[in-house]
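Me: Please take a close look at one part of this model, its salt bridges. Walk me through the pairs and then place them in the whole chain.

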Amino acid sequence: TLIDGTTLIERFCTAGWRVLVLSGTSDEARIGKALAAGALAGISKSAALPVLVTAVRRAMQGVEVMHPERRRHFIEAHLRRQDQVRAMDRRLGRLTERERAVLSRLAQGRRAQAIAEEFSVSLATVRTQIRAVLGKLEVDSQLAAVSLLHDYQRTLRQGSS
C-alpha cells in the first residue's frame, strides 16, 4: 500500500513544525501538493549535502528556503492536477454502473463481443453502451476512453487528488 506522507505535512505545520520534504520524485504536482500543505521546500534526495545543510539551517532560522517563484510554480502544477482530477471525476460520474463496467472491460483489453457474452446481452447493446461511454467522456474512440481512464487511475495512485 502506498503511504502518502503529504497527508502528514499540514498536521505537522499546524503543530508548529517546520517541514522540509526530501523526496526522490520529480513530479512537480506532487511536490506542489507538499508545498501547498505547508512544507517550506521540496528537496531532491539526490541533492548534495551542502544543499541539504543550507536548507535545514535556513528553515531553523525561519528564513525563506525556496524561491517564491519556484514555490508558486510547483503549487500551480498541483492545482492544475486537482482541476484535472475533478473534471475527470465529473466525466466518470456521468457513467452508469454498467457503462463503468464496460469501460473497465475495455481497459482490460476485452472486445465488445466478449463483453456482450459476459453480461449476457447482445453485441448491439454493448456497442450502444460503448457509444454512451465515449459521449459521456467526451472522446472519439475506445482507445481514447481507455487512455483517459488509465491516466486518471495513475493520477489517483500518485496521491494528487
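Reply:

**Salt bridges in a predicted model**

Glu69 and Arg72 sit 3 residues apart in helix H4, so about one helical turn separates them. This is a predicted model. The two side chains form a salt bridge, with 2.2 Å between the closest N and O atoms. Glu69 has a relative accessible area of 45%, which makes it partly exposed. Arg72 is partly exposed too, at 40% relative accessibility. Side chains of opposite charge can pair when their charged atoms come close.

Now a pair that spans the chain. Asp27 and Arg81 meet in a salt bridge through their side chains, at 2.9 Å from N to O. Asp27 belongs to the loop between strand E1 (20-23) and helix H2 (28-36). Arg81 belongs to helix H4 (residues 68-93). The pair is 54 residues apart, and it links distant parts of the chain. Are these two residues buried or exposed? Both Asp27 and Arg81 are buried. They count as buried because the relative accessible area of a buried residue is under 20%.

Next, a network. Arg105, Arg110 and Glu118 are linked by salt bridges. Within this network, Arg110 pairs with Glu118, and their closest N and O atoms are 3.0 Å apart. Arg110 has a relative accessible area of 29%, so it is partly exposed. Glu118, at 35%, is also partly exposed.

The count for the protein comes to 8 salt bridges. The protein carries 26 positive and 16 negative charges. The mean positions of these two sets lie 3 Å apart.

Two loop residues add to the picture. Trp17 lies in the loop between helix H1 (6-14) and E1. Trp17 is exposed, with a relative accessible area of 53%. From the C-alpha atom of Trp17 to that of Gly38 the separation is 9.8 Å, and the two residues are 21 apart along the chain.

Leu40 lies in the loop between H2 and strand E2 (41-44). At 28% relative accessibility, Leu40 is partly exposed. Which residues does Leu40 contact, leaving aside neighbours within four places in sequence? They are Arg18, Val19, Leu20, Leu35, Ala59, Val65, Met66 and Arg71. The C-alpha atoms of Leu40 and Ala87 are separated by 29 Å, with their positions 47 residues apart along the chain.

Now the whole chain. There are 8 helices and 2 strands. Along the sequence they follow the pattern α-β-α-β-α-α-α-α-α-α. The radius of gyration is 22 Å, well over the 15 Å that the globule rule gives for 161 residues, so the protein is more spread out than a compact globule. Along the principal axes, the C-alpha atoms fill a box of roughly 70 × 25 × 25 Å.

Burial and surface come last. Of the 161 residues, 33% count as buried. Asp27 and Arg81 are among the buried residues. The accessible surface is about 10,000 Å², and 53% of that belongs to carbon and sulfur atoms. Among contacts with a separation of 6 or more, 61% involve residues 24 or more positions apart.

Notes: Residues are numbered from 1 along each chain as its sequence is written. This is a predicted model: local features need pLDDT of at least 70, side-chain atom pairs count only at pLDDT 80 or more; totals for chains, interfaces and linings use all residues. Side-chain values use heavy atoms; hydrogens and water are left out. Helices (H or I, at least four residues) and strands (E, at least two) are DSSP runs, numbered from the N terminus. The radius of gyration is taken over C-alpha atoms; the globule rule is 2.2 Å times the number of residues to the power 0.38. Buried means under 20% relative accessible area, exposed over 50%, partly exposed in between (1.4 Å probe, protein chains only). Contact means heavy atoms within 4.5 Å. Accessible areas come from the Shrake-Rupley method with a 1.4 Å probe; for residues, only the protein chains shown count as cover. Lys and Arg count as positive and Asp and Glu as negative; His and the chain ends are not counted. The place of a charge is taken as NZ of Lys, CZ of Arg, CG of Asp or CD of Glu. A salt bridge is a side-chain nitrogen of Lys or Arg within 4 Å of a carboxyl oxygen of Asp or Glu.
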